[in-house]
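Open the model in your viewer and get ready to click through a few selections. Start with everything shown as a cartoon, then follow the stops below.

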Amino acid sequence: ADNSGSQEWQISSIKLYRNILKNHPTYSRTDQATFFLGSALQDTGKLDDAANAFKRLVKLYPTSSYVPDAYVLIGEYYFEKDNAFGALKAYLRATEFKDSDKYPFALYKLGWCYYNVGEYAKGIDTMKMVVDISNAQAGEAKAIQLQEEALKDLVRFFADADAMDEAIEYFTKLGKKDLIKAMLMQLASTY
């Protein structure tokens, strides 16, 4: 698809958001303008500038309704840069907003951050929380998909943590015996 027209609109919107933020600092929705600026920068591939806009948002407008999303996007920025500790800090902050619709995803990514820094037990516990939250949101397509991903990833987490007994107990309790077999196969291939 030819998205060149869309790019032009994004560039125009970036100019408008910057103009609002520079020339109208008392505008009542500067937090929204800052968030949308970051989103437009991200859409145009200016990831460093986007991350800076999101960081500015969380610093200047800590009570904004855009803060949970901004922390998730900061986490994604660091995660993509293979900066596990930067991502971990951002996702931890995002998980402080339990009422946010981004909370389950932030928790999921936090589990991966713990895994990536070698804190397997914390990663396992965090992924278990994702599964529990997904169970509470039963029927929602996003929750089901996230739960399936978390369960699949737990196989790897348990295998790498060499926590076979805990995994067998956990997956048996959930009625997921197929995941026990997958974990055993993962362990076998590791060894």
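The tour goes from the whole chain to single helices, loops and residues.

**Stop 1: the whole chain**

Keep in mind that this is a predicted model. Colour by secondary structure and you'll see 10 helices and zero strands. Walking from the N terminus, the order reads α-α-α-α-α-α-α-α-α-α. Turn on the C-alpha trace: along its principal axes it spans about 60 × 35 × 30 Å. The chain has 191 residues, and 44% of them count as buried. If you take contacts between residues at least 6 apart in sequence, 47% of them join residues at least 24 apart.

**Stop 2: helix α7**

Select residues 120–136. That's α7, with 17 residues. From first C-alpha to last, α7 reaches 24 Å, close to the 24 Å expected at 1.5 Å a residue.

Now show side chains. Which residues of α7 are buried? They are G123, I124, T126, M127, K128, V130, V131, I133 and S134. A lysine, K128, is on that list. To see what lies over these buried positions, add α6 (103–116), α8 (141–161) and α9 (164–174), which are among the elements covering them.

**Stop 3: α7 against α9**

Hide the rest and keep α7 and α9. Their axes come within 13 Å and cross at roughly 0 degrees. So α7 counts as roughly parallel to α9. Where they touch, pick out I124, K128 and V131 on α7, then E166, Y170 and L174 on α9. Sorted by class, this contact has four nonpolar residues, two charged ones and no polar ones.

Look at the spacing while you're here. An α-helix has 3.6 residues a turn, so residues three or four places apart point the same way.

**Stop 4: Y103 in α6**

Next, click Y103, which is found in helix α6. Is Y103 buried or exposed? It's buried, because its relative accessible area is 9% and the cut-off for buried is under 20%. Leaving out residues up to four places away in sequence, Y103 touches T95, F97, K98, M129 and I133. You've already met I133, one of the buried residues of α7. For a longer view, draw a C-alpha to C-alpha distance from Y103 to I20: 30 Å in space, with their positions 83 residues apart in sequence.

**Stop 5: K102 in the loop before α6**

Select K102, which lies in the loop between α5 and α6. K102 is partly exposed, with a relative accessible area of 28%. Setting aside neighbours within four places in sequence, you'll find K102 in contact with D69 and V72. Draw another distance, this time from K102 to K128: their C-alpha atoms are separated by 17 Å, and they sit 26 residues apart along the chain.

**Stop 6: helix α5**

Select α5 (84–94). Its buried residues are A84, G86, A87, L88, A90, Y91 and A94. Bring α4 and α6 into view too, as the cover over those residues includes both.

**Stop 7: two aspartates with positive phi**

Stay close to α5 for D82, in the loop between α4 (67–80) and α5. D82 isn't a glycine, yet has a positive phi of about 60 degrees. With 71% relative accessibility, D82 counts as exposed.

Then jump to D162, in the loop between α8 and α9. What is the phi of D162? It's positive, about 55 degrees, and again this residue is not a glycine. D162 counts as exposed as well, at 51% relative accessibility, where the cut-off is over 50%.

**Stop 8: T34 in α2**

For the last selection, take residues 30–43, helix α2, and zoom in on T34. T34 is buried, with a relative accessible area of 2%. Follow its side chain to the backbone oxygen of T30, which T34 reaches at 2.7 Å. Then show what surrounds it: not counting residues up to four places away in sequence, T34 touches L21, A53, R56, L57 and Y61.

Conventions: Residues numbered from 1 in each chain as written. Predicted model: local features only at pLDDT ≥ 70, side-chain atom pairs only at ≥ 80, totals over all residues. Heavy atoms only, no water. Helix = DSSP H or I, 4+ residues; strand = E, 2+ residues; numbered from the N terminus. Expected span 1.5 Å × (residues − 1). Buried < 20%, exposed > 50% of the residue type's maximum accessible area, 1.4 Å probe, protein only. Contact = heavy atoms within 4.5 Å. Axes fitted to C-alpha atoms, helices over the stretch in contact; angles between N-to-C directions. Parallel < 35°, antiparallel > 145°, perpendicular 65-115°, else oblique. Nonpolar A, V, L, I, M, F, W, Y, C, P; charged D, E, K, R; others polar. Polar contact = N/O pair within 3.5 Å; in protein donor to acceptor, adjacent residues only side chain to side chain.
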